[in-house]
Structure formats: structure tokens, C-alpha cells
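The following exercises are to be worked with the sequence and the coordinates at hand. Each task is followed by a solution that proceeds step by step.

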Amino acid sequence: MKADAPGAVLKRERVRDFILDLVESHRPGDAIPSERSLCARLGVSRPTLRAAVDELVAAGLLVREHGRGMFVAPEKITQELVSGQQAMTVPQASGTWSSRLLEFTTIPAGARVGRKLRLSPAAEIVYVARLRQVDGAPMAIEHLHIRADLVPTLSAQELEAGDLYEHLREQHGVHVQEAVQAIEPTVVTRAEAELLDVPELSPALLFERLTSDTTGQPVEYVHSIYRGDRYRLVSRLTLGPSAAVPPARLGHHPGIPPGDFAHRDTIASSTRGDIQSPP
């Protein structure tokens with residue numbers, strides 16, 4: 001597997017992860033370093049850092065106070081949605097889905113992603129950024145972080161065509177079985193807006209997901225931005241005894257590339273305020 005030189009998408013991703021690590025390691029109301037200090041520490045420009053900070057402010061994770069600085073936002077109120085069978089069926093989305101690679105490289109996991117995947121910060125992961133399209137129109141931007149030791153021969157072709165989880169299962173022996181996914185409203189940054197062909201600060205849905213295999217080992221951490229003007233979620237909630245649910249049609253699930261989940265493997269879904277995973 002060839003590790004390409006990190007590009008602009010990866011740089012923004014690393015800045016975002018570093019600031020999120022600061023947020024997750026502090027308590028609500030704690031101050032975080034100034035933008036100037038963070039720029040010097042990370043070796044990035046002020047616009048690059050500000051784009052990441054703006055995203056986290058819009059997501060309600062950071063608070064800016066004029067003349068005082070930046071602070072960790074108050075905790076969000078969270079409600080978990082779980083059906084009686086500890087699994088939720090998510091609707092399929094229509095249209096023909098395809099992917100265009102934006103970044104594909106092998107990098108150290110870092111502290112935050114390493115914790116999620118139960119890896120050392122120095123352990124290698126495969127980082128993938130790809131633009132998801134429906135009938136040729138941009139729909140979502142996915143950032144995938146996959147354990148490199150599980151997919152040593154993962155190719156660009158597998159990430160651009162076909163069913164990713166099917167490729168993991170058939171080509172790499174990785175059987176994804178369970179996921180914890182969070183969904184939150186957000187807005188797109190300037191860079192995301194250009195890729196999605198929408199105005200800057202347009203509404204969007206943030207999916208974050210941590211998937212595990214049949215042994216309970218984390219396989220991938222994913223966060224994705226879906227266009228708010230083109231994407232809608234529908235939930236079916238059972239409030240009492242009901243007849244058996246008919247088999248689901250195969251297709252694309254919201255925030256989840258078609259794959260093992262579409263083959264009737266289990267997915268545990270939750271709506272959570274903390275950022276953890278996630279398409």
C-alpha cells in the first residue's frame with residue numbers, strides 16, 4: 001500500500017483531531033490555548049486553524065468569548081435511542097452511490113484516534129478522505145481511519161468502487177458486525193462547501209461512528225459530513241409488540257457505506273452528544 005504525501009484535507013483533519021483531544025481532556029468551562037499558540041505548536045496557518053475552531057464552535061464543542069479566548073463548551077444533553085432488540089433498522093437512501101478519493105495515506109494514529117481504536121498513538125492507521133456522490137452529485141465527505149494491520153493490501157480501487165465492507169470481508173478477512181454511531185447538526189466549512197457545492201456555513205449532518213468486528217475489536221473510526229439540503233433521516237420506532245419485520249432491502253444506509261450492515265449484521269445505533277465516531 002502506497003502512502004501518499006499528506007495534503008490539505010489531511011492537514012485539516014490532524015488539526016481538528018488535536019483540538020478535539022484538548023476538548024475531550026478538559027472539563028466544561030476550561031480554557032484552551034489561543035489560536036496563535038496553537039498555530040505555533042501545530043505549524044499551521046491561522047486560516048487552517050480557524051477553520052477547525054469554527055467547525056467545533058458551530059458543533060457546540062467550543063465557545064468563543066470576545067477578549068477572553070476559547071473555552072470548552074457545556075456538556076450536551078444526550079438521549080440514547082435503542083429498540084427492544086438492541087438494534088435499529090435504518091432506511092436506505094435512493095440513487096446510485098459512488099466515491100472519489102481525496103486523500104489515501106498511512107499515518108500514525110495519534111492520541112485521539114488511537115484511543116478510539118485501542119492503539120498506541122504511534123501505531124499506523126490508514127487515513128482515507130473521500131467524496132461520496134449520488135448520481136454524480138456530491139452528497140458527503142467521509143474521513144475514515146482504519147487499523148493498518150488489518151488491511152495491509154487495501155487499494156485505492158477498493159475505496160472508489162464497490163462495497164467497502166464487502167471488500168474488507170472478502171479481501172481482508174475483516175467482518176464488521178457492530179457500530180456505535182452519533183448524529184449531530186452542524187454547518188460546513190469553506191473547504192467542505194467547495195467540495196459539496198453548497199454555500200459556506202450551509203446546514204449539514206455530522207455522522208461519527210466506531211465499528212467493531214465479530215470479536216469486539218475496533219476496526220475503523222469514521223466521521224462524515226452530509227449535505228443538510230439533500231439528506232433526510234427517517235426512524236422507525238416500535239412502541240409495543242409487533243409482527244416480524246420483513247427483510248430489509250439492500251442499499252446505502254445513512255452514514256454507513258453499504259456492506260456487512262446491509263447483509264443483516266447487527267448495528268447498535270445511538271444519538272450521543274460526545275464526539276466519538278460516524279460515514
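**Exercise 1.** Determine whether R209 is buried or exposed, and identify the salt bridge between R209 and E220.

*Solution.* Step 1: R209 has a relative accessible area of 1% and is buried, where buried means under 20% relative accessible area, exposed over 50%, and partly exposed in between (1.4 Å probe, protein chains only). Step 2: E220 likewise has a relative accessible area of 1% and is buried. Step 3: the two residues form a salt bridge whose closest N and O atoms are 3.3 Å apart; the criterion is a side-chain nitrogen of Lys or Arg within 4 Å of a carboxyl oxygen of Asp or Glu. Step 4: E220 belongs to strand 9 (residues 218–227) and R209 to strand 8, eleven residues apart, and the pair links distant parts of the chain. Helices (H or I, at least four residues) and strands (E, at least two) are DSSP runs, numbered from the N terminus.

The model is predicted: local features need pLDDT of at least 70, side-chain atom pairs count only at pLDDT 80 or more, and totals for chains, interfaces and linings use all residues. Residues are numbered from 1 along each chain as its sequence is written, and side-chain values use heavy atoms, with hydrogens and water left out.

**Exercise 2.** State how many salt bridges a search of the whole structure finds, and analyse the one between E35 and R46.

*Solution.* Step 1: the search of the whole structure yields 19 salt bridges. Step 2: in one of them, the side chains of E35 and R46 meet at 3.7 Å, N to O. Step 3: because E35 lies in helix 2 (residues 35–42) and R46 in helix 3, this pair ties together parts that are eleven residues apart in sequence. Step 4: E35 counts as buried at 10% relative accessibility, whereas R46 is partly exposed, with a relative accessible area of 34%.

**Exercise 3.** Describe the second largest pocket: what is its volume, which residues lie nearest its centre, and where does it lie with respect to the domains?

*Solution.* Step 1: the volume is about 380 Å³. On a 1 Å grid over the protein atoms alone, a pocket is an open set of points where a 1.4 Å probe fits, with protein on both sides within 12 Å along at least five of seven lines; lining residues have an atom within 4 Å of a point. Grid points are joined across faces, edges and corners, and a volume is the space filled by probe spheres set on the points.

Step 2: the lining comprises 17 residues, and P47, A51, T189, R190 and E200 lie nearest the centre. Step 3: helix 1 (8–24), helix 3 (46–58) and helix 7 (190–196) each supply at least two lining residues; helix 3 gives the most, with seven. Step 4: by class, the lining has eight nonpolar, two polar and seven charged residues. Here Ala, Val, Leu, Ile, Met, Phe, Trp, Tyr, Cys and Pro count as nonpolar, Asp, Glu, Lys and Arg as charged, and the others, Gly among them, as polar.

Step 5: domain 1 (6–72) and domain 2 (77–234) both give residues to the lining, so the pocket lies between them. The domain bounds come from an automatic or database domain assignment.

Step 6: R190 forms a salt bridge with E200, the closest N and O atoms being 3.4 Å apart. This pair links distant parts of the chain, with R190 in helix 7 and E200 ten residues away in the loop between helix 7 and strand 8 (203–213). R190 counts as exposed at 56% relative accessibility, and E200 as partly exposed at 41%.

**Exercise 4.** Establish which strands pair with strand 5 (residues 124–134), and in what sense.

*Solution.* Step 1: strand 4 (residues 97–108) pairs with strand 5 in the antiparallel sense over eleven bridges; two strands pair if DSSP finds at least two bridges between them. R100 has L131 of strand 5 as its bridge partner. Step 2: ten bridges join strand 5 to strand 6 (residues 137–147), again antiparallel, and Y127 stands opposite H145 in strand 6. Step 3: strands 5 and 6 form a hairpin with two residues between them, and D135 in the turn has a positive phi of about 50 degrees. Step 4: ten of the eleven residues of strand 5 are buried.
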